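Student: Could you take me through one part of this protein slowly? I'd like to see how a small sheet is put together, and what is unusual in the loops around it.

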Amino acid sequence: MPCSKKSLPIFPEMDPGIWSRLPDELLDHVLAFLPLKTFLNLRSTCKHFRSLIFSPSFMSKHCSSGSPFSSFLLLSHPQFYHQYSLYDSIIGNWRNFTLSLSFSLPSAAAAASSHSCTLLSCSNGLFCFSLPNCCSFLVCNFLAKSSRVIEFPGYPFAFESLTFVSTPFGYKIFVLCSKFSSISSFIYDSSLNSWQTLDNLELILSDNCHQEGVFFSGSLYYTTPEPFSIVCLDLESGKWKRFSNGLPEELTFVRLVSDGEKKLYMIGGVGINGISKMMKLWELGNEGNWVEVESVPEIMCRKFVSVCYHNYEHVYCFWHQGMICVCCYTWPEILYYKVARTTWHWLPKCPSLPDKWSCGFRWFSFVPELYASV
């Protein structure tokens with residue numbers, strides 16, 4: 001039976017004098033259980049709470065145990081205007097998220113850039129935007145409300161591929177630019193706050209610059225157009241290398257994806273005359289050869305190929321929390337492979353997405369990290 005107001009229990013009012021003396025280590029423990037939204041709102045509650053969140057004891061606790069927050073698949077579209085759809089890959093539900101750049105830029109610059117900022121990449125809780133009006137990049141940690149504007153060294157500001165990579169000492173931005181059939185490359189190191197120009201780009205063909213590099217074991221890996229091959233750039237030495245081992249035959253397209261350090265995967269279409277009859281997943285073996293892991297189930301393969309209309313330039317892949325995600329710019333769904341379970345799945349279409357949008361979809365892996373430094 002419902003309780004009347006008279007029958008409700010009366011709790012004594014909490015004495016502020018007692019709760020204000022709660023030891024910091026107990027507060028640290030309580031804060032660790034808060035959901036992401038509450039955690040974000042907590043920072044503006046009082047200076048004491050904000051200082052606790054960034055205290056050495058709280059930071060060491062969270063840096064050692066990993067991110068305490070959910071991980072998300074983030075969907076962007078040019079018509080969203082900094083409103084994004086997030087899919088919580090842990091509890092399996094959708095939510096909407098608005099990114100505000102007001103804390104990152106002066107008010108005039110933020111207003112001018114509100115519709116021209118483009119989300120380019122996301123890594124270790126950091127977002128990387130392009131600011132074309134300012135000829136620069138913007139790197140943000142929205143959880144910590146920190147940011148950095150990075151001036152691009154080349155002019156005019158034009159690039160065809162950007163790879164944003166987190167490292168133990170910060171992050172690096174690798175940019176490929178093509179102009180008049182020649183290629184230039186630049187790499188930014190956040191620990192040095194400086195750009196470096198790289199040479200020896202004859203291994204990368206200009207018509208492949210739109211593909212993002214894949215970070216694996218300290219190097220960036222790229223696939224070249226037909227005849228397909230793989231090249232890599234050592235980020236420490238700045239040297240390029242071409243893989244001597246051949247790739248599987250009858251490939252119609254090739255994409256790479258990596259968990260960062262342990263494994264490098266390759267997903268590709270297999271067929272004739274540029275038409276994929278099937279899609280397969282390979283893993284790089286210890287001897288540099290490609291070992292077949294799985295084939296995409298036929299019905300899923302047919303759907304994905306029909307979505308792409310055999311225009312495989314629109315296909316891209318990325319790693320997200322034990323999942324290999326295969327996407328297409330023209331389709332708002334994800335075909336993903338759960339590595340631990342060796343199963344293929346479709347991520348359902350976002351329910352808030354208008355039906356009339358037919359291209360320009362871009363997915364990112366977003367794992368919030370409070371202490372990822374800009």
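Tutor: Sure, let's go through the sheet and its loops.

A quick word on the source: this is a predicted model, where local features need pLDDT of at least 70, side-chain atom pairs count only at pLDDT 80 or more, and totals for chains, interfaces and linings use all residues. Residues are numbered from 1 along each chain as its sequence is written, and side-chain values use heavy atoms, with hydrogens and water left out.

Now the sheet. It is an open one, built from 4 strands in the order E12-E13-E14-E15, with antiparallel pairing. Strands here are DSSP runs of E with at least two residues, helices are runs of H or I with at least four, and both are numbered from the N terminus. Two strands count as paired if DSSP finds at least two bridges between them. At the edges stand E12 (214–216) and E15 (240–242); each has a single partner strand, so one side of each has no neighbour in the sheet. On average, neighbouring strands are turned by 30° against each other, direction ignored. That angle is taken between axes, which are lines fitted to C-alpha atoms (for helices, over the stretch in contact); angles run from 0 to 180 degrees between N-to-C directions.

Let's zoom in on one pair. Strand E14 (residues 229–234) is joined to E15 by 3 bridges, and the two run antiparallel. Across this pair, Leu233 stands opposite Trp240 in E15.

Next, the loops. Most residues other than glycine have a negative phi, and most peptide bonds are trans. With that in mind, look at the loop between strand E13 (219–224) and E14, where Pro227 lies. The peptide bond joining Glu226 and Pro227 is cis, with omega about -5°.

Then go to the loop between E12 and E13, where you'll find Ser217. Ser217 isn't a glycine, yet its phi is positive, at about 50°. This serine is partly exposed, with a relative accessible area of 43%. For that label, buried means under 20% relative accessible area, exposed means over 50%, and partly exposed is in between (1.4 Å probe, protein chains only).

Further along the chain, Thr342 makes a nice companion to Ser217. Thr342 sits in the loop between strand E22 (331–338) and strand E23 (343–347). Its phi is positive too, near 55°, and this residue is not a glycine either. Thr342 is also partly exposed, with a relative accessible area of 42%.
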